[in-house]
Amino acid sequence: AKAAGRNSVRFFDPSMQAQVRSRAELEAGIRRGLDNGEFELHYQPQYSDDGELVGAEALLRWQHPERGMVSPAEFIPVAEASGLIRPLGHWVLEEACRQLVRWDTDPVLGSIAISVNISAVQMHHENFVNELLNVLEHSGANARRLKLELTESMLVRNVEQTIDKMAALRRRGVGFSLDDFGTGYSSLIYLKRLPLDQLKIDQGFVHDLLHDANDTAIVRTVIALGQSLELSVIAEGVETDEQRSVLTDFGCRYFQGYLFSRPLPAEAFEALAHEQV
Ligand code: C2E
Ligand code: CA
Ligand code: CA
Ligand code: CA
């Protein structure tokens, strides 16, 4: 009786209904947004320790006609739960590849890599490898300049299949970075088996690097781990010179964060890249 009571209260909770409605609205909105070209990619620069621009993380932006800019933190989870992440993620890959081709002949931008966030739903789909290879082929983008960001949590499911997919893409030149590293759960043996190129230290650890002894130790360990596994290590969320300097002392060679630049629309990113030459 108690459980039924709780259920009925839940069912008639107006805030719950509002949530359900807004989720349905969001889903319909994402569909419409894809049709109407409301999505765009912004690019956040990545630098090496000697100040060279080496890459850009592509971050999805939704210019909603009524609501303005909607954060990916709001719509990615809805896109994942509804399956819309597949068409959306496919668009992201196409757009990133188009951008690589547009930058191909540029003296500065022609040599940088674009990192694309891949959701678990996308990666675990049986056609992911073929679809990506098709996008690469049709766009004419150089696979060596495409890096995929995966998270630890998505790699614990279907480990063998995922390793096979990564290996197949890596043979074509696609790189892999392990995003939000340190927040999930990876054993050393397992990490060693993954065909990775890069570890990306989660911004949460970078944020408290100077004030939290545990985070200092974790960051130090991740950098050492990357070195011993011969992976490049990039720190994200670098906001201050102090953070950069401590990271450099620990042996981190690549950086991304507001200290350098926020994610920028393509034209602004291009301008930034050129002014720094
Ligand atoms: P993420 O992959 O961990 O991306 C890093 C987030 O940190 C981005 O937020 C970025 O704008 C923000 N950021 C960068 N530098 C700094 C800094 O110095 N300080 C702070 N406080 N934040 C910084 P954003 O763009 O809102 O993206 C949020 C999340 O949405 C991403 O987290 C990623 O998980 C997801 N996402 C974004 N684009 C895509 C996409 O195309 N596909 C998928 N599947 N997920 C995406
Ligand atoms: Ca990322
Ligand atoms: Ca991240
Ligand atoms: Ca994150």
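Which residues line the largest cavity? The legends below address this point and then the calcium sites and the cysteines of this predicted model.

**Figure 1. Close-up of the largest cavity and its lining in the predicted model.** The largest cavity is lined by Arg-86, Gly-89, His-90, Leu-93, Gln-122, His-125, Phe-128, Glu-131 and Leu-132. The space within the largest cavity amounts to about 60 Å³, and the count of cavities of 30 Å³ or more is 1. Two helices, helix 4 (85-103) and helix 6 (128-139), each contribute at least two residues to the lining. With 4 residues, helix 4 gives the most. Sorted by class, the lining comprises 3 nonpolar, 4 polar and 2 charged residues.

**Figure 2. Coordination of the calcium ion (ligand 2).** Glu-57 (OE), Asn-117 (OD1), Glu-149 (OE) and Asp-179 (OD) coordinate the calcium ion (ligand 2) at 2.1 to 2.3 Å. Along the chain, these donors follow the spacing E-x59-N-x31-E-x29-D. Glu-149 belongs to strand 5 (residues 146-151) and Asp-179 to strand 6 (residues 175-181), so this pair ties together parts that lie 30 residues apart in sequence. Glu-149 and Asp-179 are both buried.

**Figure 3. Coordination of the calcium ion (ligand 3).** Protein donors to the calcium ion (ligand 3) come from Asp-179 (OD), Asp-180 (OD) and Glu-236, the last of which is listed with two OE entries. These donors lie 2.2 to 2.8 Å from the calcium ion (ligand 3), and the donor residues are spaced D-D-x55-E in sequence. Asp-179 is in strand 6, whereas Glu-236 is in the loop between strand 8 (232-235) and helix 12 (241-249), so the pair ties together parts that are 57 residues apart in sequence. Both Asp-179 and Glu-236 are buried.

**Figure 4. The bridge between the calcium ion (ligand 2) and the calcium ion (ligand 3).** Asp-179 coordinates both ions. The separation between the calcium ion (ligand 2) and the calcium ion (ligand 3) is 3.8 Å. The bridging residue, Asp-179, is itself buried.

**Figure 5. Cysteines Cys-97 and Cys-252.** Cys-97 has 0% relative accessibility and therefore counts as buried. Cys-252, at 1% relative accessibility, likewise counts as buried. The count of disulfides in the model is 0.

Note on methods
Residues are numbered from 1 along each chain as its sequence is written. Chains are lettered from A and ligands numbered from 1 in the order in which they are written. This is a predicted model: local features need pLDDT of at least 70, side-chain atom pairs count only at pLDDT 80 or more; totals for chains, interfaces and linings use all residues. Side-chain values use heavy atoms; hydrogens and water are left out. Donors are N, O and S atoms within 2.8 Å of the metal (3.2 Å for Na, K and Ca); water is not among the atoms, so sites may look incomplete. Buried means under 20% relative accessible area, exposed over 50%, partly exposed in between (1.4 Å probe, protein chains only). On a 1 Å grid over the protein atoms alone, a cavity is a set of points where a 1.4 Å probe fits but cannot get out, and a pocket is an open set with protein on both sides within 12 Å along at least five of seven lines; lining residues have an atom within 4 Å of a point. Grid points are joined across faces, edges and corners, and a volume is the space filled by probe spheres set on the points. Ala, Val, Leu, Ile, Met, Phe, Trp, Tyr, Cys and Pro count as nonpolar, Asp, Glu, Lys and Arg as charged, and the others, Gly among them, as polar. A disulfide is a pair of cysteine sulfur atoms within 2.5 Å.
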